[in-house]
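Q: Please take a close look at a single part of this model. Explain each term as you go.

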Amino acid sequence: SIQSDTYLLKSGDTAAFERVFNITPEDVLCGDGLVEDRQIAEDAVQESFINLWAHREQINPDYDLQYYLNQSVRNYIYKYFRHCRVREKHAEALIREYKFWADYKSEDLAEKVENVRELLLSLPENCRKIFVMAVIEGTGYAETASKLNVSVNTVKSQVKIAYRKLKGMWGISENELLLFLIFIYLKKF
């Protein structure tokens, strides 16, 4: 049985590991019907056994190993489904951004870009410098603070001030504003 090989598996016995794999019930190996795609189920099983071997020293010999494998397969499949949902969410966001840009005629876009550029230039110099470096260039708060010899809290407050002024002057969402700012940065406002 699986339980009799648990002690041997814990000590690194590869023959015990192989026996555990070979006597594992078909429902575990098929992902217990959670997913229709056989390849995903097989990947889940493979990852579960890799994880079992990698953490074999932590196995509690009194723990039901078959239950552990079954839960491990389920967790992998649930993680796969979450990953798919996240990927779909990001795909939807990209489609919205594409539609956002596609909705503007080139004259409208040029005018809006010019307005945002002017608003950006209207910020106080230190505020603009921090905002450009931390947000538009993507340097991050800590690195920006280090490069400009200011505190991280100063960077955070200046970024917040810049967003508030820019959004308030133009009345657009933060995502739309960021898209325009990146576009302007690429043109080196």
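A: The answer below starts with one helix and then turns to the cores, a salt bridge and a loop. This is a predicted model, in which local features need pLDDT of at least 70 and side-chain atom pairs count only at pLDDT 80 or more, while totals for chains, interfaces and linings use all residues. Residues are numbered from 1 along each chain as its sequence is written, and side-chain values use heavy atoms, with hydrogens and water left out.

Helices (H or I, at least four residues) are DSSP runs, numbered from the N terminus. Helix H4 covers residues 38-54, which makes 17 residues. The expected span of a helix is 1.5 Å times one less than its number of residues. For H4 this gives 24 Å, and the end C-alpha atoms are 24 Å apart, so the two values agree.

Burial comes next. Buried means under 20% relative accessible area, exposed means over 50%, and partly exposed is in between (1.4 Å probe, protein chains only). In H4 the buried residues are Ile-40, Ala-41, Ala-44, Val-45, Ser-48, Phe-49 and Leu-52. Ser-48 has a relative accessible area of 2%, so Ser-48 counts as buried. Contact means heavy atoms within 4.5 Å. With neighbours within four places in sequence left aside, Ser-48 is in contact with Leu-69, Ser-72 and Val-73.

A nonpolar core is a set of buried Ala, Val, Leu, Ile, Met, Phe, Trp, Tyr and Cys residues joined through side-chain atoms within 4.5 Å. The largest nonpolar core has 16 residues, and Leu-120, Phe-131, Val-135, Val-155, Val-159 and Leu-166 touch the most other members. Helix H6 (106-121), helix H7 (125-136) and H9 each supply at least two residues of this core. H7 gives the most, with seven residues. Apart from this core lies another, of 15 residues, including Val-35, Val-45, Leu-69 and Val-73.

A salt bridge is a side-chain nitrogen of Lys or Arg within 4 Å of a carboxyl oxygen of Asp or Glu. By this rule there is one salt bridge. It joins the side chains of Lys-147 and Glu-143 at 3.2 Å, N to O. Lys-147 and Glu-143 are four residues apart in helix H8, so about one helical turn separates them. Lys-147 is exposed, at 54% relative accessible area, whereas Glu-143 is partly exposed, at 42%.

Asn-149 lies in the loop between helix H8 (141-148) and helix H9 (152-170). Asn-149 is not a glycine, yet has a positive phi of about 60 degrees. With a relative accessible area of 72%, Asn-149 is exposed.
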